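Colleague: Before we discuss the binding site, could you show me the model and explain the terms as we go?

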Amino acid sequence: MSDNKRYTGLIDRYRNRLPVTDATRLISLGEGNTPLVKLENIPAELGKAVDLYIKYEGLNPTGSFKDRGMTMAVTQAVAEGSKAIICASTGNTSAAAAAYAARAGITAFVLIPEGKIALGKLAQAMIHGAVVIQIRGNFDAGMALVKEVADHAPVTIVNSINPYRLQGQKTAAFEIVDELGKAPDFHCLPVGNAGNITAHWIGYSEYAGQSTAACAFCEGSCKFEHAAVTAGRPTMVGYQAAGSAPFMRGEMVDNPETIATAIRIGHPQSWDRAWSVQKESGGWFDECTDEEILAAQKLLTSREGIFCEPASATSVAGALRDIRSGKIPEGSSVVCTLTGHGLKDPDTAISQCDDELLTVDAELSAVKDAILSNM
Ligand code: AN7
């Protein structure tokens, strides 16, 4: 991308490393190129010498990292002549599918768990014109149905079992290395289906000139450019919500529960790939309670001015615990992905604020009193 060129999305920026040709019609909303913000106040209060960054994926066009995968999956679906896409979703995938389908002029069908997706995500799916199918069941039930129905109807699945999704999402790792000049020592992510942690590892591996068992396209010999940009790869760390932590249990969880509805997933679709990531990178999985997740969300908003949704805060909740204990040692550079914007879930945000709103008469004295008594 030359300096005087408009930013036109991640496929265009990284087209030599993605499955497109010059003739491909790109379905893009200018996704990617998200800020890598260095935290200042939280590490200082922690008293630990770490370089702690957040990759603010909530600033993608539909407010989550899913846009990275969706631009690639919908571009491919359109290239194959598909007229409809389908996904099961805890919310963000449905929002992204709805928006990119609208852009492409095709239909999106989204299966969501009734009553269990954040309000902003539901609004997005509806306003973009997706066909929203609520099911009386959780994400895992919806995912099983999507796989089944795709054999019986002309629809392209755009969940992360679609390998083009992970190809798009790997670009987040490229951006981080391009910006830092090298891979961080640790990369921490919230884990639901484990597609994103897998995609990041694929990206880091590609930039290090290495293949990985986690990549459906590589499997030993990748057909994309693998020219090394940097030598190292990070240790990958995945954090789950405690009520929804199959990687900690070592088996699927049938009734996952957590306030972080985005990662209320008990049957991760990238199970084997994510274990490859853990082994190849020397990383680990851990879990955070809902209380820890909400505390981390509040810490980010109140100390750093960064608003992410609860699921996203899981990466910071876990990382802070591991930095405090020394499992992530001082002197490390650490990137935490904040996967979705806080505005996705206004209900949970408001319910976290115990202060009553001040309501006063519309008079100077009343407003002045309110200010002086709250200085
Ligand atoms: C904010 O939208 O699965 O481990 O259907 O929305 O790649 O699944 C969302 C997942 C983390 C977990 N943070 O990522 C869906 C969906 C947020 C998310 C995850 C999701 P994966």
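The exchange below takes up the ligand site and then a pocket.

Modeller: This is a predicted model, in which local features need pLDDT of at least 70, side-chain atom pairs count only at pLDDT 80 or more, and totals for chains, interfaces and linings use all residues. Residues are numbered from 1 along each chain as its sequence is written, and side-chain values use heavy atoms, with hydrogens and water left out.

Colleague: What makes the pair formed by the side chain of Asn-92 and the ligand a polar contact?

Modeller: A polar contact is a pair of N or O atoms within 3.5 Å; within protein, one must be able to donate a hydrogen and the other to accept it, and residues adjacent in sequence count only if both atoms are side-chain atoms. An N or O atom in the Asn-92 side chain is 2.7 Å from an oxygen atom of the ligand, so the pair meets the 3.5 Å limit. A backbone N or O atom of Thr-90 lies 2.8 Å from a ligand oxygen, and a polar backbone atom of Gly-195 is 3.2 Å from a ligand oxygen.

Colleague: How much of the ligand does the protein bury?

Modeller: Taken alone the ligand exposes 470 Å², and the protein buries 99% of that (Shrake-Rupley areas with a 1.4 Å probe; for residues, only the protein chains shown count as cover).

Colleague: Which elements give two or more residues to the shell around the ligand?

Modeller: They are α4 (92–104), α9 (195–207) and α13 (310–325), where helices are DSSP runs of H or I with at least four residues, numbered from the N terminus.

Colleague: Which helices supply at least two residues of the lining of the largest pocket?

Modeller: α7 (163–169) and α11 (271–281) each do so.
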